[in-house]
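Q: Please choose one part of this model and take me through it slowly, explaining each term as you go.

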Amino acid sequence: MTAQIIDGKAFSAKVREKVAAHVAKLKDEHGITPGLAVVLVGEDPASQVYVRSKGKQTVEAGMNSYEHKLDADTSEADLLSLIDQLNNDPDVHGILVQLPLPKHLDEDLVINSISPEKDVDGFHISNVGLLGTGQKSMVPCTPLGCLMMLREHHGSLSGMDAVVIGRSNIVGKPMAQLLLGDSCTVTIAHSRTKDLPGVVRRADIVVAAVGRPEMVPGDWIKEGATVIDVGINRIEAPEKGTNEDGSVKTRLVGDVEFASASERAGAITPVPGGVGPMTIACLLANTVTACCRANGVEEPE
Ligand code: NDP
């Protein structure tokens with residue numbers, strides 16, 4: 001079998017189109033423009049790229065983007081004071097604090113100081129609790145993007161065996177909650193799981209969110225299973241040659257060995273071009289949802 005490729009790039013473009021259409025409707029019918037504030041502390045290069053990309057796509061969808069770049073040595077009090085100001089700003093409907101934060105800042109404290117209604121990343125303890133109890137919440141963007149792709153591909157997920165590899169608060173745990181919410185039978189695997197190959201071989205749906213390049217080989221995948229690869233890992237690619245400074249060129253790979261897994265899976269997301277683009281699209285969708293809720297107007301589906 002050769003797997004169908006689940007094209008996250010194309011699907012995310014459709015999601016962004018829908019978001020833009022809803023934004024236009026909010027402006028025309030209610031005179032409201034959704035606004036997303038992104039807070040970046042420090043100069044982590046990967047975070048800078050993500051923040052730039054988030055800002056660009058927010059503006060392209062017709063929304064307002066507010067970027068707050070703070071020095072790496074910003075005090076916790078100053079960061080909390082900015083969040084308080086954004087919590088009280090009626091033009092800001094979504095607030096995202098780019099993680100990871102510099103070590104001297106307490107990530108839990110910072111995230112939990114965001115108003116839950118504006119917590120478009122869905123990491124606030126209230127949103128975690130609401131998701132866990134099946135109530136209306138802000139859902140973390142990466143797992144939401146994965147769920148949307150799975151629903152698009154399968155329709156109903158009811159009764160399917162799903163294995164999530166990874167138990168982080170950002171991806172693994174909320175992913176498992178979402179799959180449970182869609183009536184999958186869910187196993188969460190992690191670094192202490194016994195017989196991981198055996199666990200993965202039972203799964204109709206495999207979501208890999210580990211951060212280890214190509215750790216899931218194709219022969220772990222059940223014939224016809226759907227594989228969602230969340231991992232983003234940069235590895236050396238000597239076949240691409242060297243950079244001007246003599247260093248070896250690199251390429252991105254997922255947590256799944258794509259070539260061999262594609263021989264067995266029914267469908268699979270590529271890296272790049274799978275989960276990644278869906279994450280920002282879901283951030284934009286969450287911002288529109290937060291804006292609609294704040295203004296008591298109809299939410300997008
Ligand atoms: P974390 O490092 O927070 O979590 C990794 C998880 O993998 C942990 O639960 C860990 O288990 C588990 N793990 C580690 N080694 C093994 C192993 N040998 N076998 C089984 N499980 C193992 O990572 P994140 O959840 O934040 O991210 C995971 C990956 O997803 C990364 O590559 C990241 O870059 C990518 N990512 C991609 C996004 C996107 O938009 N596409 C967004 C967010 C993340 P334990 O808890 O026991 O240590």
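**An open sheet and its helices**

A: To begin with a wider stretch, residues 140–293 have end C-alpha atoms that lie 17 Å apart, and this span is 36% helix and 18% strand, where helices (H or I, at least four residues) and strands (E, at least two) are DSSP runs numbered from the N terminus. This is a predicted model, in which local features need pLDDT of at least 70 and side-chain atom pairs count only at pLDDT 80 or more, while totals for chains, interfaces and linings use all residues. Residues are numbered from 1 along each chain as its sequence is written.

The part to study closely is a sheet. Three strands form this open sheet in the order β3-β2-β4, with parallel pairing; two strands pair if DSSP finds at least two bridges between them. Because β3 (64–70) and β4 (94–97) stand at the edges with a single partner strand each, one side of each is left without a neighbour in the sheet. On average, neighbouring strands here are turned by 15° against each other, direction ignored. Strand β2 (residues 35–41) is joined to β4 by four bridges, the two running parallel, and V39 stands opposite V97 in β4.

Helix α2 (residues 45–60) packs on the sheet, touching β2 and β3, and its direction makes about 170° with that of β2. Contact between two residues requires C-beta atoms, placed from the backbone, within 7 Å, and angles run from 0 to 180 degrees between N-to-C directions of axes, which are lines fitted to C-alpha atoms, for helices over the stretch in contact. Helix α3 (residues 76–87) lies across β2, β3 and β4, running at about 180° to β2.
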